[in-house]
Amino acid sequence: MLSKKAKYALKALLFLAREERRRPVLIADIAQKEAIPKKFLELILLDLKRHGILQSKKGKGGGYYLGKPPEQITFGQVIRILDGPLAPLPCVSQTAYQKCEECKDELTCGIRLVMKEVRDATARILDGTHLANVDRSVRALEEAFTSTSRPPNVLAPPPSETRRGSGGPKRKRPKETA
(Lines give C-alpha, C1' and ligand atoms only; values in the text may rest on other atoms or scores of the structure.)
Protein backbone atom coordinates (compact mmCIF):
# COMPACT_ATOMS: atom_id res chain seq x y z
CA MET A 1 0.00 0.00 0.00
CA LEU A 2 1.21 3.50 -0.80
CA SER A 3 2.28 5.38 2.33
CA LYS A 4 0.88 8.81 3.22
CA LYS A 5 4.42 10.14 2.79
CA ALA A 6 4.64 8.93 -0.83
CA LYS A 7 1.09 10.05 -1.60
CA TYR A 8 1.75 13.55 -0.25
CA ALA A 9 5.04 13.69 -2.16
CA LEU A 10 3.27 12.82 -5.41
CA LYS A 11 0.56 15.40 -4.74
CA ALA A 12 3.18 18.08 -4.09
CA LEU A 13 5.21 17.11 -7.16
CA LEU A 14 2.14 17.18 -9.40
CA PHE A 15 1.34 20.63 -8.02
CA LEU A 16 4.89 21.78 -8.78
CA ALA A 17 4.74 20.22 -12.26
CA ARG A 18 1.73 22.38 -12.94
CA GLU A 19 3.70 25.42 -11.69
CA GLU A 20 6.69 24.44 -13.88
CA ARG A 21 8.46 27.34 -15.58
CA ARG A 22 6.62 29.80 -13.37
CA ARG A 23 8.27 30.31 -10.00
CA PRO A 24 9.45 28.58 -6.84
CA VAL A 25 6.53 27.77 -4.54
CA LEU A 26 6.43 28.18 -0.76
CA ILE A 27 5.84 25.09 1.37
CA ALA A 28 2.87 26.82 3.01
CA ASP A 29 1.21 27.34 -0.40
CA ILE A 30 1.65 23.71 -1.42
CA ALA A 31 0.45 22.49 1.99
CA GLN A 32 -2.67 24.66 1.87
CA LYS A 33 -3.63 23.98 -1.76
CA GLU A 34 -3.01 20.22 -1.54
CA ALA A 35 -4.32 19.73 2.05
CA ILE A 36 -1.01 18.33 3.34
CA PRO A 37 0.22 18.93 6.92
CA LYS A 38 2.96 21.59 6.59
CA LYS A 39 5.53 20.08 8.99
CA PHE A 40 5.20 16.66 7.35
CA LEU A 41 5.51 18.23 3.90
CA GLU A 42 8.74 20.00 4.95
CA LEU A 43 10.36 16.65 5.74
CA ILE A 44 9.11 15.08 2.50
CA LEU A 45 10.38 17.95 0.34
CA LEU A 46 13.79 17.88 2.04
CA ASP A 47 14.06 14.17 1.26
CA LEU A 48 13.14 14.78 -2.39
CA LYS A 49 15.65 17.63 -2.59
CA ARG A 50 18.39 15.39 -1.18
CA HIS A 51 17.68 12.94 -4.03
CA GLY A 52 17.73 15.62 -6.75
CA ILE A 53 14.01 15.53 -7.50
CA LEU A 54 13.54 19.08 -6.14
CA GLN A 55 15.59 22.24 -5.87
CA SER A 56 14.99 25.21 -3.61
CA LYS A 57 15.66 28.92 -3.65
CA LYS A 58 16.12 30.91 -0.44
CA GLY A 59 15.01 34.44 0.25
CA LYS A 60 12.45 36.65 -1.45
CA GLY A 61 10.71 34.78 -4.25
CA GLY A 62 12.07 31.54 -2.84
CA GLY A 63 10.53 28.13 -2.38
CA TYR A 64 10.68 24.71 -4.00
CA TYR A 65 10.64 23.82 -7.68
CA LEU A 66 11.28 20.68 -9.74
CA GLY A 67 14.95 19.76 -10.07
CA LYS A 68 14.31 17.99 -13.38
CA PRO A 69 11.73 18.38 -16.14
CA PRO A 70 8.42 16.64 -15.25
CA GLU A 71 9.02 14.26 -18.17
CA GLN A 72 12.02 12.86 -16.27
CA ILE A 73 10.39 12.23 -12.88
CA THR A 74 8.49 8.96 -12.54
CA PHE A 75 6.09 7.79 -9.87
CA GLY A 76 8.38 4.76 -9.43
CA GLN A 77 11.39 6.93 -8.55
CA VAL A 78 9.45 8.90 -5.96
CA ILE A 79 7.88 5.85 -4.32
CA ARG A 80 11.23 4.05 -4.11
CA ILE A 81 12.85 7.12 -2.51
CA LEU A 82 10.17 7.42 0.17
CA ASP A 83 8.80 3.90 0.64
CA GLY A 84 11.66 1.69 -0.51
CA PRO A 85 11.41 -1.18 -3.00
CA LEU A 86 8.21 -1.75 -4.98
CA ALA A 87 8.40 -5.52 -4.49
CA PRO A 88 5.80 -7.02 -2.13
CA LEU A 89 8.37 -9.56 -0.87
CA PRO A 90 12.13 -9.16 -0.38
CA CYS A 91 12.86 -12.31 -2.43
CA VAL A 92 11.58 -10.60 -5.61
CA SER A 93 13.13 -7.19 -4.99
CA GLN A 94 15.67 -5.94 -7.51
CA THR A 95 17.12 -3.36 -5.12
CA ALA A 96 16.78 -5.01 -1.68
CA TYR A 97 16.83 -8.77 -2.36
CA GLN A 98 16.75 -11.14 0.60
CA LYS A 99 15.95 -14.83 0.59
CA CYS A 100 12.89 -15.73 2.64
CA GLU A 101 13.96 -17.64 5.76
CA GLU A 102 11.25 -20.28 5.48
CA CYS A 103 11.65 -20.86 1.74
CA LYS A 104 12.92 -24.34 0.82
CA ASP A 105 13.26 -23.85 -2.96
CA GLU A 106 13.11 -20.31 -4.30
CA LEU A 107 13.02 -21.46 -7.94
CA THR A 108 9.79 -23.42 -7.52
CA CYS A 109 8.07 -21.25 -4.91
CA GLY A 110 4.57 -20.44 -6.18
CA ILE A 111 4.21 -17.37 -3.99
CA ARG A 112 7.50 -15.95 -5.30
CA LEU A 113 6.42 -16.55 -8.92
CA VAL A 114 3.20 -14.59 -8.45
CA MET A 115 4.82 -11.80 -6.42
CA LYS A 116 7.50 -11.38 -9.10
CA GLU A 117 4.72 -10.82 -11.65
CA VAL A 118 3.12 -8.28 -9.28
CA ARG A 119 6.47 -6.50 -8.87
CA ASP A 120 7.11 -6.47 -12.63
CA ALA A 121 3.63 -5.11 -13.45
CA THR A 122 3.83 -2.49 -10.69
CA ALA A 123 7.30 -1.36 -11.81
CA ARG A 124 6.21 -1.22 -15.47
CA ILE A 125 3.27 1.05 -14.62
CA LEU A 126 4.99 3.29 -12.04
CA ASP A 127 8.27 3.61 -13.95
CA GLY A 128 6.32 4.44 -17.11
CA THR A 129 4.24 7.13 -15.41
CA HIS A 130 5.89 10.56 -15.46
CA LEU A 131 4.63 13.70 -13.75
CA ALA A 132 4.11 15.22 -17.20
CA ASN A 133 1.85 12.32 -18.28
CA VAL A 134 -0.34 12.65 -15.22
CA ASP A 135 -0.45 16.44 -15.48
CA ARG A 136 -1.66 16.17 -19.11
CA SER A 137 -4.31 13.61 -18.12
CA VAL A 138 -5.55 15.75 -15.24
CA ARG A 139 -5.73 18.84 -17.47
CA ALA A 140 -7.71 16.88 -20.09
CA LEU A 141 -10.16 15.69 -17.43
CA GLU A 142 -10.51 19.22 -16.08
CA GLU A 143 -11.23 20.51 -19.59
CA ALA A 144 -13.79 17.77 -20.15
CA PHE A 145 -15.38 18.58 -16.81
CA THR A 146 -15.68 22.29 -17.54
CA SER A 147 -17.20 21.65 -20.97
CA THR A 148 -19.89 19.28 -19.62
CA SER A 149 -22.38 19.56 -16.81
CA ARG A 150 -20.81 16.74 -14.80
CA PRO A 151 -17.48 14.89 -14.72
CA PRO A 152 -17.12 11.45 -16.28
CA ASN A 153 -17.18 8.75 -13.62
CA VAL A 154 -13.94 7.02 -14.52
CA LEU A 155 -14.07 4.61 -11.62
CA ALA A 156 -17.62 3.34 -12.08
CA PRO A 157 -17.84 -0.29 -13.20
CA PRO A 158 -19.42 -0.99 -16.58
CA PRO A 159 -23.19 -1.73 -16.39
CA SER A 160 -22.57 -5.44 -16.97
CA GLU A 161 -20.69 -5.62 -13.68
CA THR A 162 -23.44 -4.26 -11.44
CA ARG A 163 -24.45 -6.64 -8.71
CA ARG A 164 -27.86 -7.41 -7.29
CA GLY A 165 -28.77 -5.28 -4.35
CA SER A 166 -26.47 -2.50 -5.52
CA GLY A 167 -29.26 -0.46 -7.04
CA GLY A 168 -28.32 -1.67 -10.52
CA PRO A 169 -30.68 -3.17 -13.05
CA LYS A 170 -32.35 -6.41 -12.00
CA ARG A 171 -32.54 -9.12 -14.59
CA LYS A 172 -35.42 -11.53 -14.81
CA ARG A 173 -34.50 -15.18 -14.89
CA PRO A 174 -35.90 -17.11 -17.83
CA LYS A 175 -38.59 -19.62 -16.86
CA GLU A 176 -37.39 -23.16 -16.87
CA THR A 177 -39.18 -25.57 -19.13
CA ALA A 178 -39.03 -29.25 -18.38
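A residue counts as buried when its relative accessible area is under 20%, and as exposed when that area is over 50%. Keep this in mind as you work through the exercises below, and remember that the model is predicted.

**Exercise 1. Work out whether Cys91 and Cys100 form a disulfide, and whether each is buried or exposed.**

Solution.
- Start with the bond. A disulfide needs two cysteine sulfur atoms within 2.5 Å.
- Next, look at the distance. The cysteine sulfur nearest to that of Cys91 belongs to Cys100, 3.7 Å away.
- Compare this with the cut-off. The sulfur of Cys100 is too far from that of Cys91 for a bond, and a search of the whole structure turns up zero disulfides.
- Now turn to accessibility. Cys100 has a relative accessible area of 17%, so Cys100 is buried.
- Do the same for Cys91. Its relative accessible area is 4%, so Cys91 is buried too.

**Exercise 2. Describe the elements of the chain and their order.**

Solution.
- Begin with the count: the chain has six helices and two strands.
- Then follow the chain from the N terminus, where the order reads α-α-α-β-β-α-α-α.
- Add the buried share, which is 29% of the 178 residues in the chain.
- Finish with the contacts. Of those with a separation of 6 or more, 58% join residues 24 or more positions apart.

**Exercise 3. Find how helices H3 and H4 are arranged, and which residues meet between them.**

Solution.
- Locate the two helices: H3 covers residues 38-50 and H4 covers residues 75-83.
- Take the geometry next. Their axes lie 11 Å apart, and the helices pack at an angle of about 115 degrees.
- Angles of 65 to 115 degrees count as roughly perpendicular, so H3 is roughly perpendicular to H4.
- Add the handedness: the crossing of H3 and H4 is right-handed.
- Now name the partners. From H3 come Ile44, Asp47 and Leu48, and they meet Val78, Ile81 and Leu82 of H4.
- Sort these residues by class: five are nonpolar, none is polar and one is charged.

**Exercise 4. Do the same for helices H1 and H6, then say where Asp135 fits in.**

Solution.
- Locate the helices: H1 spans residues 4-18 and H6 spans residues 131-147.
- Read off the geometry. The axes come within 10 Å and cross at roughly 75 degrees, so H1 and H6 are roughly perpendicular to each other.
- List the residues that make the contact. H1 supplies Leu13, Leu14, Ala17 and Arg18, while H6 supplies Leu131, Val134, Asp135, Val138, Arg139 and Glu142.
- Sort them by class: six are nonpolar, none is polar and four are charged.
- Zoom in on Asp135, which sits in helix H6. Asp135 has a relative accessible area of 14%, so Asp135 is buried.
- Set aside the neighbours within four places in sequence, and the contacts of Asp135 are Leu14, Ala17 and Arg18.

**Exercise 5. Locate Ala35, and decide what stands out about its phi and whether it is buried or exposed.**

Solution.
- Find the place: Ala35 is in the loop between helix H2 (27-34) and H3.
- Recall the general rule: most residues other than glycine have a negative phi.
- Check the value. Phi of Ala35 is near 55 degrees, which is positive in a residue other than glycine.
- Decide on accessibility. The relative accessible area of Ala35 is 59%, so Ala35 is exposed.

Terms used: Residues numbered from 1 in each chain as written. Predicted model: local features only at pLDDT ≥ 70, side-chain atom pairs only at ≥ 80, totals over all residues. Heavy atoms only, no water. Axes fitted to C-alpha atoms, helices over the stretch in contact; angles between N-to-C directions. Helix = DSSP H or I, 4+ residues; strand = E, 2+ residues; numbered from the N terminus. Parallel < 35°, antiparallel > 145°, perpendicular 65-115°, else oblique. Left-handed = near helix turned anticlockwise from the far one by under 90°. Contact = heavy atoms within 4.5 Å. Nonpolar A, V, L, I, M, F, W, Y, C, P; charged D, E, K, R; others polar. Buried < 20%, exposed > 50% of the residue type's maximum accessible area, 1.4 Å probe, protein only.
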